[in-house]
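Me: I would like to go through this structure by question and answer, with the reasoning kept short.

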Amino acid sequence: SLQRANLGFDERPLLSLRVFATGDAFDPIPARAALFARALDSLRALPGVAAAAATSAVPGDDGGAMIRVTKDGAAGPFVGAQAITVTPGLFDTLAVRLEQGRTFTENEFANPDSDAVVINEGLARQMWPGQSALERRIGIATAHPPTDGVSWRRVVGVAPDLVYEELGEQTEQARLNVYFPYARSPLRTMALLIRGDGNPAGLITPARQALRQVHRGFAAFDSATMSEPGRLTTGAQGALGTMMGGFAAAALLLACLGIYGLLADTARQRTQEIGVRMALGATPRGIVALFVGQAAIIGAAGLVMGAVLAVLVAQALSGVLFGIDPLAVTPMVLTAATLIVVVILAAYVPARRASKVAPLVALRTL
């Protein structure tokens with residue numbers, strides 16, 4: 001389930017690399033915004049690049065800064081969300097369409113006083129269920145209150161829900177996103193996302209060279225295709241899942257062998273009883289039905305106890321599962337069916353073999 005999880009976009013054509021704007025020359029916000037604008041222009045000009053954008057958080061890899069938000073006209077309560085700084089073109093680079101409204105303009109990207117924000121659909125639903133979020137205001141809790149500790153922003157667009165935290169580690173707060181234009185939250189460290197026409201790994205070297213030409217102090221690091229974090233995230237769980245699957249298969253096999261061996265030996269030890277019953281008029285079919293029925297009762301009792309234990313163990317494991325119902329019926333039914341078939345065969349095969357023995361021969365073993 002982790003490996004098949006949908007991040008909300010197709011990460012396969014995407015490359016990410018992080019950059020840090022060093023030097024006193026980029027202390028002013030306009031200079032910093034211009035630097036990232038030039039960097040993105042140089043990347044978009046590379047052969048094989050379809051789109052590029054910058055963001056403070058890479059979807060599927062890491063989340064944004066945690067903030068508290070409320071809606072206009074409400075004194076509270078505040079809900080936790082994550083703030084993500086972006087440049088225009090982020091959603092085009094991810095190849096996702098906004099649910100409502102628009103993304104940021106170039107003026108909003110470079111204007112420190114811009115009040116425009118884009119929120120994700122999950123936050124829009126929570127704030128204004130069944131209503132449009134466009135041109136509504138959300139309040140951001142601030143430590144330095146310009147207005148009762150709340151800084152107000154205008155919603156200009158609603159983005160689809162994307163997974164930002166690593167798979168399996170999402171919190172309720174991480175599912176609510178507020179996107180800010182770059183100048184409003186001018187971080188020195190940003191992640192550049194590049195959409196390629198072919199294999200994105202082939203763009204790593206050209207992208208680094210292009211960034212060095214933009215500015216020598218532009219440090220680029222942590223470059224990787226956006227499929228890699230997902231593989232790294234799910235690698236340990238995949239290995240553990242394979243190992244646990246092997247243990248489960250071995251446990252089922254041992255259970256089948258043990259059940260078969262025990263019941264088959266029990267039926268063999270009752271050969272004399274079979275001879276007596278047949279001498280008294282029992283038919284081979286009746287003998288087989290008797291043994292199978294008794295074994296089925298024993299097996300059913302064992303399955304009931306096993307089902308109770310399975311439910312308890314499944315509930316204990318629910319916290320480490322992703323996208324799986326711990327009480328899924330199908331695997332439990334298949335396992336129970338396998339065991340009951342083994343129980344029936346374990347009783348049927350030796351009982352049928354013993355029922356073919358002549359009563360006199362069976363009685364001689366007394």
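Me: What covers the buried residues of H5?
Reply: In this predicted model, the buried residues of H5 are Ala207, Ala210, Leu211 and Val214. Their cover includes strand E1 (14-21), H1, strand E10 (189-196) and strand E11 (218-225).

Me: Within what arc do the buried residues of H5 fall, seen down the axis?
Reply: The residues concerned are Ala207, Ala210, Leu211 and Val214. An α-helix has 3.6 residues a turn, so residues three or four places apart point the same way. The buried residues of H5 line one face of the helix, because seen down its axis they fall within an arc of 100°.

Me: Are H1 and H5 parallel or oblique to each other?
Reply: The axes of H1 (residues 29-44) and H5 (residues 204-214) come within 9 Å and cross at roughly 140°. Antiparallel would need an angle over 145 degrees, and the perpendicular range is 65 to 115. H1 and H5 are therefore oblique.

Me: Which residues in H5 does H1 meet, and how do the residues of the contact divide?
Reply: H1 passes H5 in a right-handed crossing. From H1, Leu35, Arg38, Ala39, Ser42 and Leu43 take part, and they meet Ala207, Ala210, Leu211 and Val214 in H5. The residues of this contact divide into seven nonpolar, one polar and one charged.

Me: How are H8 and H9 oriented to each other?
Reply: The axes of helix H8 (residues 284-317) and helix H9 (residues 329-355) come within 8 Å and cross at roughly 155°. Angles over 145 degrees count as roughly antiparallel. H8 is therefore, relative to H9, roughly antiparallel.

Me: Is the crossing of H8 and H9 left-handed or right-handed, and how do the residues of the contact divide?
Reply: H8 passes H9 in a right-handed crossing. The residues of the contact of H8 with H9 divide into 21 nonpolar, two polar and one charged.

Me: Which residues of H7 are buried, and what arc do they cover around the axis?
Reply: In helix H7 (residues 271-279), the buried residues are Thr271, Ile274, Gly275 and Met278. They lie on the same side of H7, because the arc they cover around the axis is only 100°.

Me: What phi does the glycine just after H7 take?
Reply: Most residues other than glycine have a negative phi. The residue here is glycine 281, just after H7, and its phi is positive, at about 115°.

Me: Where does alanine 95 lie, and is it buried or exposed?
Reply: Alanine 95 has a positive phi of about 60° although it is not a glycine. Its place is the loop between helix H2 (90-94) and strand E5 (100-101). Its relative accessible area is 53%, and the cut-off for exposed is over 50%. Alanine 95 is therefore exposed.

Me: What relative accessibility does glutamate 135 have?
Reply: Glutamate 135 also is not a glycine, yet its phi is positive, at about 65°. Glutamate 135 sits in the loop between helix H4 (121-127) and strand E7 (137-141). It counts as exposed, at a relative accessibility of 52%.

Me: Is phenylalanine 180 buried or exposed?
Reply: Phenylalanine 180 is in strand E9 (residues 177-181). Leaving aside neighbours within four places in sequence, its contacts are Ile67, Ala83, Ile84, Thr85, Val86, Phe104, Val117, Ile140 and Arg153. Its relative accessibility is 8%, and buried means under 20%. Phenylalanine 180 therefore counts as buried.

How values were computed. Residues are numbered from 1 along each chain as its sequence is written. This is a predicted model: local features need pLDDT of at least 70, side-chain atom pairs count only at pLDDT 80 or more; totals for chains, interfaces and linings use all residues. Side-chain values use heavy atoms; hydrogens and water are left out. Axes are lines fitted to C-alpha atoms, for helices over the stretch in contact, and angles run from 0 to 180 degrees between N-to-C directions. Helices (H or I, at least four residues) and strands (E, at least two) are DSSP runs, numbered from the N terminus. Angles under 35 degrees count as roughly parallel, over 145 as roughly antiparallel, 65 to 115 as roughly perpendicular and the rest as oblique. A crossing is left-handed if the near helix is turned anticlockwise from the far one by less than a right angle, and right-handed if clockwise. Contact means heavy atoms within 4.5 Å. Ala, Val, Leu, Ile, Met, Phe, Trp, Tyr, Cys and Pro count as nonpolar, Asp, Glu, Lys and Arg as charged, and the others, Gly among them, as polar. Buried means under 20% relative accessible area, exposed over 50%, partly exposed in between (1.4 Å probe, protein chains only). The arc is that of the directions from the helix axis to the C-beta atoms.
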